[in-house]
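These are my notebook entries on the structure shown below. I recorded each item in the order in which I looked it up.

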Protein chains: 2
Amino acid sequence: MLEQRIRNVALRSRVCTADEVQSWIQNGMTIAVSGFTKSGDAKATLQALARRKDKTGEPIKINLLSGASLGETDGILASRGLLGMRLPFQSDPDLRKSINLGEISYIDQHLSETAEWIRSGWLGDIDFAIIEATAITENGGIIPTTSVGNSPIFVEKAKRVIVEINLSLPLELEGVHDIYLPTARPNRQPIPLVNVRDRIGTTYIPCPPDKIAAVILTTAQDTPSNVSAPDAETAAMAGHILEFLSHEVNRGRLPKNIGPLQSGIGSVANAVLSGLVQGPFHDLEIYTEVMQDAAFELLDAGKVRFASSCSFTLSQAMRRHVLSRLGEYREKVVLRPQEISNHPEIVRRLGVIAINGALEVDLYGNVNSTHVSGTHMMNGVGGSGDFARNAALSIFVTKSTAKDGRISSVIPFVTHVDHPEHDVDVIVTERGIADLRGLAPRQRARAIIDHIAHPDYQDALRDYVRHAESHSGNTPHALDEAFGWHLRLQQQGDMRTMPSPVRAVN
Amino acid sequence: MLEQRIRNVALRSRVCTADEVQSWIQNGMTIAVSGFTKSGDAKATLQALARRKDKTGEPIKINLLSGASLGETDGILASRGLLGMRLPFQSDPDLRKSINLGEISYIDQHLSETAEWIRSGWLGDIDFAIIEATAITENGGIIPTTSVGNSPIFVEKAKRVIVEINLSLPLELEGVHDIYLPTARPNRQPIPLVNVRDRIGTTYIPCPPDKIAAVILTTAQDTPSNVSAPDAETAAMAGHILEFLSHEVNRGRLPKNIGPLQSGIGSVANAVLSGLVQGPFHDLEIYTEVMQDAAFELLDAGKVRFASSCSFTLSQAMRRHVLSRLGEYREKVVLRPQEISNHPEIVRRLGVIAINGALEVDLYGNVNSTHVSGTHMMNGVGGSGDFARNAALSIFVTKSTAKDGRISSVIPFVTHVDHPEHDVDVIVTERGIADLRGLAPRQRARAIIDHIAHPDYQDALRDYVRHAESHSGNTPHALDEAFGWHLRLQQQGDMRTMPSPVRAVN
């Protein structure tokens, strides 16, 4: 058994416990770990570090780099004060709390860009890369598990590598991954990926065996994803998107299979993708950073012919299902480094149709997808910017209101801009679809108010526009009122000034 | 003479006057013209259309697409009410005025993206492409003049093409251009450009001769650029950038020749580039969208070994100089379509060092480069986003104050976001340099206040941060104060509340 998991003979003598290995970690070190949206993250060593902290109470903080969010480990580290700096994405409540208190320096990043930062040297040395693996090949090659993330660049640049072999995962994961990193500058070559299904690299992360300082054996499970089930509103949004895409196909502006699809992390994006199971499209292709349950539902329904991703982020049931059928899925699925799954070069070349979630959108189509009230970080921008900027068609989705209608997701001025108007072609709420393509700002405002805002807020939005346009400008605003809705929310817990006359009668 | 300018015999019989050709233009048509930052723009036909309007007064509006800003023609058309829709960039005072009054639907775009919009079909048909040319080849190939812009995609997609041959320009322009457009999806191939100097296409824009409906002969001159001379503040900024780049080279984080340089349009960017003439760097390479005077100064000084651009946008004197020495420059310069000069795929592959201007920057490094007070369009985002998002190093430059100190360019919250914090690595004012790489938002605020804000505003900025941080958040803000500085400016013409104590003593 161990022969199959550690095929390099010399490395079999480097098997250690997580408790031994964590003792190498010192205050101020930079640690780079596998893991992308809770999937395939290195768990054993970091959790052992947390136990040491509990035991000794010593003051120790690390800088922690990853692919994207880790599972429960992010919270375990944050709640013990073990994190000094964290990048490039997170989604844990405890970590989020510490970030928003300013206790942890959180650097939010476009997920395709972290690898370039590592190459640039701006972040200094990486002391250890800790990578969850299915197995190690004869030559030290590390076969990842359920995500690739930034592991290839971490392994390349770290001083030393620790491999956590997860014995609970099937060896059939070998062959699912395609590991390729852009070559060095100058004379960097084009990334030779032309179709979603192209394999351009190796099935393992190359690593000189000598660089692997320790191998840990573990059976720790990924933290399952917790997407909520589709509801009436997400079903309506999926319906609007299907209708829109059908219209575009009929007009000859999209290919019959739509083109490669990307859909962001989270319940809404998952629900929208689920909607395609009932849709009229066949031979779909997926080119995305994260495959949630819906992507596998589409594969199982025979709707998707190939899916490229950076990770599987699944519910417990779907995870069991997928891991038990890897032999079958391996022909239809590939996992890539996030630098490739999200690369502007590839996203634009393929003509990806991008569907991402928004926290709030403003009258001109600027999108806030990260900061509640402009200040408090939710999860991070993730890959949404990599896709939205370079997509052939960029769609954002959000319910038109939140908190039982007390918050409008369509507001005069977003309190934080992750995606400037240029990166936003279409916005969808349960109310309908605002097709912003080819519209100037004043036209965008009308489309947004008329088609996607909640009726409770339409009149107030129109009032704002009227007031703003009286000051003229290509993008009319009344700066004294721009954040008025958010201030009202802060002061009285509701963005509405009063029930609109129509609703008062009801 | 005409034999050299119109080498296709059949086309010599299609020579018309601009007055004849303009009569083909009807109300509601979409017209796509050559021209990029006042350079190589089609002038004759559109100005003849303006004369018709003066004569007949008929109600006629066109949708006008171009590469970027035209010369005086933009103002001539706007002041006569001839423009319904305009994209993707402009810089004319009269056009700007009409845009800000909401009389013209202006669609601001990342300049690499217009070609994709044309392909997508969202904008409908292009009735005429009007292209300024040096000559037409035997096969109908159109040799551009001093810019390439979007002319290749316009010629490909327009129903009919009108060529304005500019007899005042030397035939030696032939060979300066390299025309390549990305191939069709699916199966679009990588753009095979790996070095700044690579030639990957043809020296002319391919066009079936039958598609050319008319050839006009003209001698109209490009509107000269009007960059102001470097001053003490721009010289200080250039000094800071030189020092910073030297430091990065010494640390081994940049190659000895820095890497391919991009610098935006305008006086500040031009002045900063001028500063390199005195700098320690050799074998510089330029990969940019517009070469202003400074780029040729660097070529003449032997500092630059090769420059790739989309246009020459020059003062009258430099224009004469360049046009008289084309035989020499042709070995060191290439003009490309803006889709290639600005393409994310290439900018990221080459590792471009991008230097772009900002109108205002906020405490967290978000940049407004287009909208005065968040409402009034200046010129447009241009190519700055194409470069800043994908650059190896993205630098923004602005003077720390404007209007005799009454406006701070460093403010709590930008009133419009063109470049989210992620796209901004370094900000430079005459006061110094804020190196934001690897900093979390709260750290960014301190670097910005300490290093680049004007002393008149530093205390007020610190007050804002103190107040904002009391509310917590990853990106602390006090929304009730966020636009307070702009409101003060609107109300009292000055962002300052009162002289700071230190300065009052002086």
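**Entry 1. A nonpolar surface patch.** I began with the surface of this predicted model. Met1(A), Leu2(A), Val15(A), Leu167(A) and Leu217(A) make up a nonpolar patch there, and together they offer about 370 Å² of accessible area. I then looked up one member, Leu217(A), and found it in strand β10, residues 212–218 of chain A. Leu217(A) has a relative accessibility of 33% and therefore counts as partly exposed.

**Entry 2. Chain A as a whole.** I noted 20 helices and 27 strands in chain A. The radius of gyration of the chain is 23 Å, close to the 23 Å of the globule rule for 506 residues, so chain A is as compact as a globular protein of that length. Along the principal axes, the C-alpha atoms of chain A occupy a box of roughly 75 × 55 × 45 Å. I recorded 65% of the 506 residues of chain A as buried. The exposed area of chain A is about 16700 Å², of which carbon and sulfur atoms supply 50%. Among contacts in chain A between residues at least 6 apart in sequence, 72% join residues at least 24 apart.

**Entry 3. The N-terminal domain record.** UniProt, in an unreviewed entry, assigns residues 15–216 of chain A to "domain: Acetyl-CoA hydrolase/transferase N-terminal". Over residues 15–216 of chain A I found 24% helix and 19% strand, with the end C-alpha atoms 6 Å apart.

**Entry 4. The binding-site record.** Which residues carry the feature "binding site" in UniProt? The unreviewed entry gives Gly264(A), Ile265(A), Gly266(A), Ser267(A), Val268(A), Asn379(A), Gly383(A) and Lys403(A). They span 140 residues in sequence and their farthest two C-alpha atoms are 26.1 Å apart, so they do not all gather at one spot.

I looked up two of these positions. Gly266(A) sits in the loop between β11 (261–263) and α9 (267–275) of chain A, and is partly exposed at a relative accessible area of 22%. Not counting residues up to four places away in sequence, Gly266(A) touches Val227(A) and Gln292(A). Lys403(A) belongs to the loop between β23 (401–402) and β24 (407–408) of chain A, and counts as exposed at 54% relative accessibility.

**Entry 5. Two helices and their buried residues.** In helix α4 (residues 72–79) of chain A, I listed Thr73(A), Asp74(A), Gly75(A), Leu77(A) and Ala78(A) as buried. The buried residues of α4(A) pack against α3 (44–56), β3 (62–65), β4 (83–87) and α5 (93–100) of chain A. Gly81(A), just after α4(A), has a positive phi of about 70 degrees.

Which residues of helix α19 (residues 484–492) of chain A are buried? I found Gly484(A), Trp485(A), His486(A), Leu487(A), Arg488(A) and Leu489(A). The partners of these buried residues in chain A include β18 (360–362) and α17 (455–469), and α18 (479–482) of chain B is also among the packing partners. Gly493(A) follows α19(A) and has a positive phi, near 75 degrees.

**Entry 6. Salt bridges.** I counted 70 salt bridges over all chains. One of them joins the side chains of Asp127(A) and Lys159(A), at 3.2 Å from N to O. This pair links distant parts of the chain, 32 residues apart: Asp127(A) is in the loop between α6 (114–120) and β6 (128–133), and Lys159(A) in the loop between α7 (151–157) and β9 (160–166) of chain A. Asp127(A) is buried, at a relative accessible area of 15%, whereas Lys159(A) is partly exposed at 49%.

Glu345(A) and Arg349(A) also meet in a salt bridge, at 2.6 Å from N to O. Because they are four residues apart in helix α14 (residues 344–350) of chain A, about one helical turn separates Glu345(A) from Arg349(A). Glu345(A) is buried at 2% relative accessibility, and Arg349(A) is buried with a relative accessible area of 2%.

In chain B, I noted a salt bridge between Arg188(B) and Glu116(B), at 3.0 Å from N to O. Arg188(B) lies in the loop between β9 (160–166) and β10 (212–218) and Glu116(B) in helix α6 (residues 114–120) of chain B, so the pair ties together parts 72 residues apart in sequence. I closed with a network of salt bridges that links Glu116(A), Arg119(A), Arg185(A), Arg188(A), Glu339(A) and Arg348(B).

Notes. Residues numbered from 1 in each chain as written. Chains lettered and ligands numbered in written order. Predicted model: local features only at pLDDT ≥ 70, side-chain atom pairs only at ≥ 80, totals over all residues. Heavy atoms only, no water. Patch = residues over 30% accessible without salt bridge, like charges linked within 9 Å, V, L, I, M, F, W, Y side chains within 5 Å. Areas by Shrake-Rupley, 256 points an atom, 1.4 Å probe, with all protein chains shown as cover. Salt bridge = Lys/Arg side-chain N within 4 Å of Asp/Glu carboxyl O. Buried < 20%, exposed > 50% of the residue type's maximum accessible area, 1.4 Å probe, protein only. Rg over C-alpha atoms; globule rule 2.2 N^0.38 Å. Contact = heavy atoms within 4.5 Å. UniProt positions renumbered as here; feature names shortened; annotations may be inferred.
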